[in-house]
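Welcome, and thanks for taking a look at this one. Please open the model below and keep it in view as you read the notes that follow.

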Amino acid sequence: MKLAFGCDPNAGDLKKGLMAKAEELGHEVADLGSDDPIYANVAFDVAKAVAAGEYDRGILVCGTGIGVSIAANKVEGAYCACIHDVYQAERAVLSNNANLISMGSQVIGIKLAEKLLEEYLKYEYDPNSRSKDKVNRICEFECGE
């Protein structure tokens, strides 16, 4: 899988660790930035690249994971889940077809973040699952119903 990573300046170490883990798992990674103190800018860049199909999925990191998630979700075609446990990582894909995840560098440590990334990347959304009507409704609303 091709993965795009981004973070705010406070989360660079966690992002680097996650990029290394993704490479270890056999994924292609790209660093789309971490120097802009306005975290929304890097979140927009990563979300736009994923929504455009340049990358399969995106991983965003800030202090809590919340701000970059909110920003990413403003991009049409970007569906970012803020995750902090293994069940959320699984359901981000299986129940919600999230093409991005976010995590908080001030909320979790590297070992848990690596496990969450690994969990998130091992699942594929099934468009015929029982979640399809819920996911489709989100997409319909985004497109103006």
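A charge is said to sit over a ring when NZ of Lys or CZ of Arg is within 6 Å of the ring centre and within 35 degrees of the ring normal. Please bear in mind that the model you see is predicted.

## Charges over rings

With that rule in hand, start at lysine 2: its charged end sits over the ring of tyrosine 55, 5.4 Å from the ring centre. A second case involves arginine 57, whose charged end sits over the ring of tyrosine 120 at 4.6 Å from the centre. What about pairs of aromatic rings? Their count comes to 0.

## Tyrosine 55 and its surroundings

Tyrosine 55 belongs to the loop that runs between helix 2 (39-51) and strand 3 (57-62). Its relative accessible area is 18%, and since buried means under 20%, tyrosine 55 is buried.

Lysine 2 and tyrosine 55 are 53 residues apart in sequence, yet their C-alpha atoms are 5.0 Å apart in space. Setting aside sequence neighbours within four places, tyrosine 55 has contacts with Lys2, Leu3, Ala4, Ala30, Leu32, Ala49 and Val50.

## Two buried residues of helix 4

Helix 4 (86-94) holds both glutamate 90 and valine 93. Is glutamate 90 buried or exposed? Glutamate 90 is buried, because its relative accessible area is 18% and the limit for buried is under 20%. Beyond residues up to four places away in sequence, glutamate 90 touches Glu119 and Tyr123.

Valine 93 has a relative accessibility of 1%, so it counts as buried. Not counting residues up to four places away, valine 93 touches Arg57, Ala98, Tyr120, Tyr123, Glu124 and Tyr125. Among these contacts are Arg57 and Tyr120, the two partners in the charge-over-ring arrangement with a distance of 4.6 Å. Glycine 67, on the other hand, is 26 residues from valine 93 along the chain, with 20 Å between the two C-alpha atoms.

## Loops around helix 4 and helix 6

Just past helix 4, asparagine 97 is found in the loop leading to strand 5 (100-104). Its phi is near 55 degrees, a positive value in a residue other than glycine. Asparagine 97 is partly exposed, as its relative accessible area is 33%.

Serine 131 lies in the loop between helix 5 (110-121) and helix 6 (132-142). At 4% relative accessibility, serine 131 is counted as buried. Apart from neighbours within four places in sequence, serine 131 is in contact with Leu94, Ser95 and Tyr125.

In the segment after helix 6 you will find glycine 144. Its relative accessible area of 60% makes glycine 144 exposed, given that exposed means over 50%. From glycine 144 to glutamine 88, 56 residues away along the chain, the C-alpha separation is 28 Å.

## The largest pocket

How much space lies in the largest pocket? The volume is about 160 Å³. Its lining is made up of Asn73, Ala78, Tyr79, Cys80, Ala81, Asn96, Ala98, Ile138 and Glu142. Strand 4 (80-82) and helix 6 are the elements that contribute two or more residues to this lining.

Sorted by class, the lining has 6 nonpolar, 2 polar and 1 charged residues. Ala98 is one of the lining residues, and it is also in contact with valine 93.

Conventions: Residues are numbered from 1 along each chain as its sequence is written. This is a predicted model: local features need pLDDT of at least 70, side-chain atom pairs count only at pLDDT 80 or more; totals for chains, interfaces and linings use all residues. Side-chain values use heavy atoms; hydrogens and water are left out. Helices (H or I, at least four residues) and strands (E, at least two) are DSSP runs, numbered from the N terminus. Buried means under 20% relative accessible area, exposed over 50%, partly exposed in between (1.4 Å probe, protein chains only). Contact means heavy atoms within 4.5 Å. On a 1 Å grid over the protein atoms alone, a cavity is a set of points where a 1.4 Å probe fits but cannot get out, and a pocket is an open set with protein on both sides within 12 Å along at least five of seven lines; lining residues have an atom within 4 Å of a point. Grid points are joined across faces, edges and corners, and a volume is the space filled by probe spheres set on the points. Ala, Val, Leu, Ile, Met, Phe, Trp, Tyr, Cys and Pro count as nonpolar, Asp, Glu, Lys and Arg as charged, and the others, Gly among them, as polar. Rings of Phe, Tyr and Trp (its six-membered ring) pair if their centres lie within 6.5 Å; planes under 30 degrees apart count as stacked, over 60 as edge-to-face and the rest as tilted.
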